[in-house]
Amino acid sequence: MSGSSYATVSRRKILEYLKSTRDRTVTAADVDVYLKSHDSEVNITTVYRYLDKLAREGTVIKYVAEKGSQAAYQYVEPGRGCEKHLHLKCVKCGKIIHLDCNFMEEISKHIEESHGFTLQCRNSILYGICKECREKENEGSDTIQL
C-alpha cells in the first residue's frame with residue numbers, strides 16, 4: 001500500500017470514529033485506541049495533526065481545558081452553528097449538549113450590556129452533570145440501607 005492511500009484510509013477511519021462519537025468529546029488518545037483496535041496503526045503525532053487540521057476547517061471543535069490536560073475534540077454537523085452557542089458537558093458520562101436555544105441570545109445580550117463583554121461561544125463548554133446521570137445518582141441514594 002502506498003503512503004498516500006494509507007493516510008487516506010486512516011483519515012477516513014478517524015472521521016468515521018468522530019462521527020460515531022458526535023454526542024461526546026474524544027481525545028487523540030481515544031482516536032489512537034480506536035485506530036489500533038481497527039488494524040490501523042498511525043503515529044500519535046499524525047493523529048494530533050489531522051485533528052488540528054479538522055478543527056481549523058470547522059469539521060471538529062477543539063476544546064482545550066486547563067493547562068496540562070488533553071485537548072478534546074467533537075465532530076460538528078455541517079451548519080450546526082456551534083460557534084453561536086455554548087456547550088454543556090457532563091463530567092460523569094462525557095455527553096455534550098448543544099445550548100442552541102433562545103437563551104443564548106438572552107445571555108449574550110445580558111453579558112454584553114451589563115458586563116461589557118462579548119461572549120465567544122466557539123470552543124466554550126460549561127461543565128456539570130446531565131439529567132440522566134443525576135437520575136442514576138438519585139436512584140442509588142433512594143435505596144434503603146438495612
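**Exercise 1. Find how many salt bridges a search of the whole structure gives, then walk through three of them.**

Solution. The search of the whole structure comes to six salt bridges. Keep in mind that we are working with a predicted model. A general idea helps to start: side chains of opposite charge can pair when their charged atoms come close.

Step 1. Begin in helix H1, where Arg-12 and Glu-16 sit four residues apart, about one turn of the helix. Their closest N and O atoms are 3.6 Å apart, and the cut-off is 4 Å, so the pair qualifies as a salt bridge. Arg-12 has 45% relative accessibility and is partly exposed; Glu-16, at 41%, is partly exposed too.

Step 2. Move to helix H3. Glu-57 and Lys-53 form a salt bridge with an N to O distance of 2.4 Å. These two are separated by about one helical turn because they are four residues apart in H3. Glu-57 is partly exposed at 48%, and Lys-53 is partly exposed at 29%.

Step 3. Now take Glu-132 and Lys-95, whose side chains meet in a salt bridge at 2.6 Å, N to O. Here the partners come from distant parts of the chain, 37 residues apart: Glu-132 belongs to helix H5 (residues 131-141), while Lys-95 is in the loop between S3 and strand S4 (96-98). Glu-132 has a relative accessible area of 41% and is partly exposed; Lys-95, at 25%, is also partly exposed.

**Exercise 2. Work out which elements build the largest nonpolar core.**

Solution. As background, nonpolar side chains tend to be buried together in soluble globular proteins.

Step 1. Size the core: the largest one holds 18 residues. Those with the most contacts inside it are Ile-14, Leu-18, Val-31, Leu-35, Val-47, Leu-51 and Val-60.

Step 2. Assign the elements. Two or more residues each come from helix H1 (3-20), helix H2 (28-37), helix H3 (44-57) and strand S2 (72-75). H3 supplies the largest share, with five residues.

Step 3. Check for a separate core. Another one, of seven residues, lies apart from the largest, and its members include Ile-61, Tyr-63, Ala-72 and Cys-82.

Step 4. Zoom in on Val-60. Setting aside neighbours within four places in sequence, Val-60 has contacts that include Leu-18, Leu-51, Leu-54 and Ala-55, along with Tyr-73, Tyr-75 and Arg-122.

**Exercise 3. Decide which residues of helix H2 are buried, and where they lie around the helix.**

Solution. Step 1. List the buried residues of H2: Ala-28, Val-31, Asp-32, Tyr-34 and Leu-35.

Step 2. Look down the axis of H2. The buried residues fall within an arc of 165°, so they line one face of the helix.

Step 3. Turn to the face pointing away from the buried side, which carries the exposed residues Val-33 and Ser-37.

Step 4. Follow the chain just past H2, where Asp-39 takes a positive phi of about 50°.

**Exercise 4. Trace the polar contacts that the side chains of Tyr-63 and His-85 make.**

Solution. Step 1. Place Tyr-63: this residue is in strand S1 (residues 60-63). Tyr-63 is buried, since its relative accessible area is 4%.

Step 2. Look at what surrounds Tyr-63. Beyond four places in sequence, the residues it touches include Thr-25, Ala-71, Asn-123 and Ser-124. Ile-125 is 62 residues away in sequence, yet its C-alpha is 7.7 Å from that of Tyr-63.

Step 3. Pick out the polar contact: the side chains of Tyr-63 and His-87 make one at 3.5 Å.

Step 4. Carry on to His-85, in the loop between S2 and strand S3 (87-90). His-85 is buried, with 3% relative accessibility. The side chain of His-85 makes a polar contact of 3.4 Å with that of His-87 and another of 3.1 Å with that of His-98.

**Exercise 5. Test whether Cys-90 and Cys-93 are in a disulfide or in none.**

Solution. Step 1. Apply the cut-off of 2.5 Å between sulfur atoms. The count is zero disulfides.

Step 2. Check Cys-90: the nearest cysteine sulfur is that of Cys-130, 3.7 Å away, and Cys-90 is in no disulfide. Cys-90 is buried, at 2%.

Step 3. Check Cys-93: its nearest cysteine sulfur, from Cys-90, is 3.7 Å away, and Cys-93 is in no disulfide. At 41%, Cys-93 is partly exposed.

Terms used: Residues are numbered from 1 along each chain as its sequence is written. This is a predicted model: local features need pLDDT of at least 70, side-chain atom pairs count only at pLDDT 80 or more; totals for chains, interfaces and linings use all residues. Side-chain values use heavy atoms; hydrogens and water are left out. A nonpolar core is a set of buried Ala, Val, Leu, Ile, Met, Phe, Trp, Tyr and Cys residues joined through side-chain atoms within 4.5 Å. Buried means under 20% relative accessible area, exposed over 50%, partly exposed in between (1.4 Å probe, protein chains only). Contact means heavy atoms within 4.5 Å. A polar contact is a pair of N or O atoms within 3.5 Å; within protein, one must be able to donate a hydrogen and the other to accept it, and residues adjacent in sequence count only if both atoms are side-chain atoms. The arc is that of the directions from the helix axis to the C-beta atoms.
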